[in-house]
Amino acid sequence: MKLSKQQFDSAHREQRLVLTLIGMSNVGKSFWSQKLADVGFSRYCCDDLIETKLAPQLLAQGYKGIADVAAWLGLPYEPQFKKHQQ
């Protein structure tokens, strides 16, 4: 959706503006989301939410941190992927 500067400013002022940053690893999503948080946006990091939800299960298997979430999940052709994806 393309917004004019006035529409953007109005939506931001009225707290109706939702921005979602999606992209490959290491392209700056966390950097820019932190910049937005610094000017008053709420920041929700799906990696953090996933890691928190899975923490007990991951810790029990010796995994910790978001990098280990990826290792735990595996790739689509690995045997554990289908089970862990659920």
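Analyst: A helix here is a DSSP run of H or I at least four residues long, numbered from the N terminus. In this predicted model, Asp48 sits in helix α3, residues 46-60.

User: What makes residues 46-60 count as a helix?

Analyst: The run must be at least four residues of H or I. Helix α3 covers residues 46-60, so the run satisfies that minimum. The chain has 5 helices and 0 strands. Their order from the N terminus is α-α-α-α-α.

User: How do you know whether the chain is compact or spread out?

Analyst: Set the radius of gyration against the globule rule. The rule gives 12 Å for 86 residues, and the chain has 17 Å. That is well over the rule, so the chain is more spread out than a compact globule. The C-alpha trace spans about 50 × 25 × 20 Å along its principal axes. Of the contacts with a separation of 6 or more, 7% join residues 24 or more positions apart. Buried residues make up 14% of the 86. The accessible surface is about 7500 Å², with 57% of it on carbon and sulfur atoms.

User: Why is Asp48 called partly exposed?

Analyst: Its relative accessible area is 41%. Partly exposed lies between the 20% and 50% cut-offs, so Asp48 falls in that class. Asp48 is 31 residues from Leu17 in sequence, and their C-alpha atoms are 22 Å apart.

User: What makes Lys5 and Asp9 a salt bridge?

Analyst: The rule asks for a Lys or Arg side-chain nitrogen within 4 Å of an Asp or Glu carboxyl oxygen. The closest N and O atoms of Lys5 and Asp9 are 2.8 Å apart, so the pair qualifies. Both residues lie in helix α1, 4 residues apart, about one turn of the helix. Lys5 has 58% relative accessibility and counts as exposed. Asp9, at 27%, counts as partly exposed.

User: How do you know that Arg16 and Glu14 meet in a salt bridge?

Analyst: By the same test. Their N to O distance is 2.6 Å. The limit is 4 Å, so this pair passes too. The count comes to 2 salt bridges. Arg16 has a relative accessible area of 53%, over the 50% cut-off, so Arg16 is exposed. Glu14, at 47%, is partly exposed.

User: What is the phi of Gln15, and why does Gln15 count as exposed?

Analyst: Phi of Gln15 is near 55°, a positive value in a residue other than glycine. Most residues other than glycine have a negative phi. Gln15 lies in the loop between α1 (5-13) and α2 (29-38). Its relative accessibility is 74%, and exposed means over 50%, so Gln15 counts as exposed.

User: How many side chains are positive and how many negative, and how far apart are the centres of the two sets?

Analyst: There are 11 positive and 8 negative side chains. The centres of the two sets lie 5 Å apart.

Technical notes: Residues numbered from 1 in each chain as written. Predicted model: local features only at pLDDT ≥ 70, side-chain atom pairs only at ≥ 80, totals over all residues. Heavy atoms only, no water. Helix = DSSP H or I, 4+ residues; strand = E, 2+ residues; numbered from the N terminus. Rg over C-alpha atoms; globule rule 2.2 N^0.38 Å. Buried < 20%, exposed > 50% of the residue type's maximum accessible area, 1.4 Å probe, protein only. Contact = heavy atoms within 4.5 Å. Areas by Shrake-Rupley, 256 points an atom, 1.4 Å probe, with all protein chains shown as cover. Lys, Arg positive; Asp, Glu negative; His and termini not counted. Charge placed at Lys NZ, Arg CZ, Asp CG, Glu CD.
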